[in-house]
Amino acid sequence: MEEATFKNQTAAKKDPLFPDDLFTDEQRRNGAIILHIIGVIYMFVALAIVCDEFFVPSLDVIIEKLGITDDVAGATFMAAGGSAPELFTSIMGVFVSFNDVGIGTIVGSAVFNILFVIGMCALFSKTILSLTWWPLFRDCTFYSVSLLTLIYFFRDNKIYWWEALVLFIIYILYAVFMKFNQQVERCVKKIIYKNKVTRVRSTDQLMPARIKA
C-alpha cells in the first residue's frame with residue numbers, strides 16, 4: 001500500500017498539470033515574487049494595448065462591413081471579444097488541467113462585470129449617463145434564465161452533449177432576440193405606458209381658461 005502511494009506521488013511529480021516554477025519557495029520568499037508581479041502587470045498592460053489598438057478597431061470594421069446593428073454586435077462580436085479570456089481559461093481548465101476552474105471564471109467574471117465595472121464607470125464618469133431600464137431588464141432576464149438552466153443541468157455534476165447544445169441554443173435565441181430588440185422594446189413600452197396618467201401639480205390646469213369680457 002505504501003509502495004503504491006509512493007509510486008502515485010512520484011508519477012504526480014513527474015507529470016504535473018502545469019510547468020514547474022523557475023524559482024523555489026525560498027527564492028520567492030526572498031524577493032523573487034516581485035518578478036511574478038511585474039510579469040502579471042506586463043501582461044495586463046499588453047492585453048489592454050492589444051485590445052484597445054487592434055482588437056476593438058478590427059471588430060468595428062467587421063461590424064461596419066457586415067452591416068450589423070449595435071444590439072446584435074454587442075451580443076455577438078463585442079461579447080465574444082470581452083469574454084475571450086474566460087473562453088481560453090475554460091479551454092485550459094477542460095483540456096489541460098481537467099478541473100472546473102472555467103465555471104468559476106465565467107460566473108465570477110459576470111459578477112465582476114456587473115458590480116465592479118459598472119460601479120467604477122459610474123463613479124469616475126465625467127458626464128451624466130442617461131440610462132433606461134430596458135437593457136437591464138432584458139439582459140437580466142436572459143442571464144437569469146441561463147443561470148437557472150445551468151444550475152438545473154449541474155444537479156448531477158455532469159454536463160452531457162445535449163445539455164451543452166441547449167445552452168448554445170439559448171445563446172442563439174438571445175442573439176436573434178437582439179436583432180429585433182428595438183421593435184420588442186417599443187411594443188413593451190407601449191403596453192406599459194398605455195394607461196399612464198400624467199400627473200399635474202394644480203387642478204387649475206384642468207379648468208378651461210376664462211374669457212375676459
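Helices are taken here as DSSP runs of H or I comprising at least four residues, numbered from the N terminus. The model under analysis is predicted. Within helix 9, glutamate 185 and lysine 189 are four residues apart and are therefore separated by about one helical turn. Their side chains meet in a salt bridge, with an N to O distance of 2.8 Å. Glutamate 185 counts as buried, because its relative accessibility of 18% falls under the 20% cut-off.

The overall architecture is helical: the protein contains nine helices and zero strands, giving the pattern α-α-α-α-α-α-α-α-α along the sequence. Of its 213 residues, 12% count as buried. The protein exposes about 18,100 Å², of which carbon and sulfur atoms supply 69%. Among contacts with a separation of 6 or more, 47% are accounted for by residues 24 or more positions apart.

In total, the structure holds three salt bridges. Besides the pair in helix 9, one of these joins arginine 28 to aspartate 25, and the closest N and O atoms are 2.0 Å apart. Both residues belong to helix 2 (residues 25-66), where a spacing of three residues separates them by about one helical turn. Arginine 28 is partly exposed at 22% relative accessibility, and aspartate 25 is likewise classed as partly exposed, at 47%. A further salt bridge is formed between the side chains of arginine 138 and aspartate 139, at 2.9 Å from N to O. Here the partners fall into separate accessibility classes: arginine 138 is buried at 9% relative accessibility, whereas aspartate 139 is partly exposed at 30%.

Arginine 138 also belongs to the buried set of helix 7, together with Trp134, Thr149, Leu150 and Phe153. These residues cover an arc of only 130 degrees around the axis, and therefore lie on the same side of helix 7. The cover over the buried residues of helix 7 includes helix 8 and helix 9 (181-192). The face turned away from this buried side carries Leu136, Leu148 and Ile151, which are exposed. Helix 7 itself spans residues 133-153 and has 21 residues. The distance from its first C-alpha to its last is 30 Å, close to the 30 Å expected at 1.5 Å a residue.

The loop between helix 7 and helix 8 contains asparagine 157. Although asparagine 157 is not a glycine, its phi is positive, at about 60 degrees. Asparagine 157 counts as exposed, because its relative accessibility of 67% is over the 50% cut-off.

Helix 8 comprises residues 161-179 and includes leucine 165. Leucine 165 is partly exposed, with a relative accessible area of 41%. This value satisfies the requirement for patch residues, which is over 30% relative accessible area and no salt bridge. Leucine 165 is one of the residues forming a nonpolar surface patch of about 1,100 Å². The other contributors to this patch are Tyr160, Trp161, Trp162, Phe168, Ile169, Tyr171, Ile172, Leu173, Val176 and Phe180.

Key: Residues numbered from 1 in each chain as written. Predicted model: local features only at pLDDT ≥ 70, side-chain atom pairs only at ≥ 80, totals over all residues. Heavy atoms only, no water. Patch = residues over 30% accessible without salt bridge, like charges linked within 9 Å, V, L, I, M, F, W, Y side chains within 5 Å. Areas by Shrake-Rupley, 256 points an atom, 1.4 Å probe, with all protein chains shown as cover. Salt bridge = Lys/Arg side-chain N within 4 Å of Asp/Glu carboxyl O. Helix = DSSP H or I, 4+ residues; strand = E, 2+ residues; numbered from the N terminus. Buried < 20%, exposed > 50% of the residue type's maximum accessible area, 1.4 Å probe, protein only. Expected span 1.5 Å × (residues − 1). Arc of directions from axis to C-beta. Contact = heavy atoms within 4.5 Å.
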